[in-house]
Amino acid sequence: MSEQAAQFVGDIPHHYENGLGPNIFHDYADLIADCCKGKDLSDVVELAAGTGILSRRLRDVLPPDARLVVTDLNTPMLDLAQQKFDPSETVEFLEADAMDLPFSDSAFDLVMCQFGVMFFPDKVASYREAARVLRPDGCYIFNSWGALDDNPFARMGHEVLGSFFPDDPPGFYMVPFHYHDPQEVIADLTAGGWQDVEYETIELNKTIVDPRAFATAMVFGNPSADAIRERGGVKPEDVAETMFEALNTRFGPAPMTMPLSATTYCCRMS
């Protein structure tokens, strides 16, 4: 996994769940989970599950007796995800690297991943692994963010960080939004052994649920706060306050709405 992904620790999971989740992740999780409704699935694995935003929705739509394995590289994220489930529910939690999965061949009939592939340093290797653990008639469903310009909250976040450190801006926002070209994604999938790929770009106009929590999470819900502390001279709290002011300027007045764009891929081996 990338160094950026491996740094989702400390207080990050809390801000990620409560500040980012309702504003940028929940709606796409609903949409990708809908792909599973009514399907006869027995074994499902989720990669890079984070705090379990999609995991909870998957458990709600999968057949009750279907096995759901929830994985992530970061134990703190998985710990928060696990709190969303009753011990009686059929869910397993496992720390796992998507580029080196600890599963036997043909173990699952569905692999899911929400907004994780952008962080995989070797995307082709991750696609090979997804293909390896799938049964011949299985499916891999994942999504990836669109470009910064199609997700202006992210462009704004990158610019706010850069305004404090013009000579050495924290680069987190360049990571989740760099993998936005479907043709690049399909080329990587083809190199990873996938032969049948369908995709759909989904654009939303999202109401910002809690602007202050969102602004705070844009700094503290990812590795940006640590990057700010490492550079010194600025408090992350001050950056978060500037982020809040920028949200009001860019998307206000209330109710604030912002465009979101992401692409969902449905991949089969034949």
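**Rings, burial and a cavity**

Analyst: The charged end of Arg231 sits over the ring of Phe165, 6.0 Å from the ring's centre. This is a predicted model.

User: What makes a charge count as sitting over a ring?

Analyst: CZ of Arg must be within 6 Å of the ring centre and within 35 degrees of the ring normal. Arg212 is another case: its charged end sits over the ring of Phe244, 3.9 Å from the centre.

User: How many aromatic pairs does a search of the whole structure find?

Analyst: The search finds 20.

User: Why is the pair of Phe153 and Phe214 called tilted?

Analyst: Their ring centres lie 5.7 Å apart and their planes meet at 45°. Centres within 6.5 Å make a pair, and planes neither under 30 degrees nor over 60 count as tilted. So the pair is tilted.

User: What makes this a link between distant parts of the chain?

Analyst: Phe153 is in helix H6 (residues 152-164) and Phe214 in helix H8 (residues 211-220), 61 residues apart. Both are buried. They also belong to a cluster linked by ring pairs, together with Tyr16, Phe25, Tyr28, Phe115, Trp145 and Phe177.

User: Why is the pair of Phe172 and Tyr173 called edge-to-face?

Analyst: The angle between the planes is 80°, with 5.5 Å centre to centre. Over 60 degrees counts as edge-to-face, so the name follows.

User: How do you know whether Phe172 is buried or exposed?

Analyst: Its relative accessibility is 8%. Buried means under 20%, so Phe172 counts as buried. Tyr173, at 3%, counts as buried too.

User: Where does Ser55 lie, and why is it called buried?

Analyst: Ser55 lies in helix H3. Its relative accessible area is 0%. That is under 20%, so Ser55 is buried. Leaving aside neighbours within four places in sequence, Ser55 is in contact with Glu46, Ala49, Leu68, Val70 and Phe85.

User: How many cavities of 30 Å³ or more are there, and which residues line the second largest?

Analyst: There are two such cavities. The second largest has a volume of about 70 Å³. Its lining includes Tyr16, Phe25, Glu46, Ala49 and Gln114. Helix H2 (12-34) and helix H3 (53-61) are the elements giving two or more residues to this lining.

User: What makes a space a cavity rather than a pocket?

Analyst: In a cavity a 1.4 Å probe fits but cannot get out, whereas a pocket is open.

User: What classes of residue make up the lining of the second largest cavity?

Analyst: Six are nonpolar, four polar and one charged. Glu46 is in the lining, and Glu counts as charged.

Notes: Residues are numbered from 1 along each chain as its sequence is written. This is a predicted model: local features need pLDDT of at least 70, side-chain atom pairs count only at pLDDT 80 or more; totals for chains, interfaces and linings use all residues. Side-chain values use heavy atoms; hydrogens and water are left out. On a 1 Å grid over the protein atoms alone, a cavity is a set of points where a 1.4 Å probe fits but cannot get out, and a pocket is an open set with protein on both sides within 12 Å along at least five of seven lines; lining residues have an atom within 4 Å of a point. Grid points are joined across faces, edges and corners, and a volume is the space filled by probe spheres set on the points. Helices (H or I, at least four residues) and strands (E, at least two) are DSSP runs, numbered from the N terminus. Buried means under 20% relative accessible area, exposed over 50%, partly exposed in between (1.4 Å probe, protein chains only). Contact means heavy atoms within 4.5 Å. Rings of Phe, Tyr and Trp (its six-membered ring) pair if their centres lie within 6.5 Å; planes under 30 degrees apart count as stacked, over 60 as edge-to-face and the rest as tilted.
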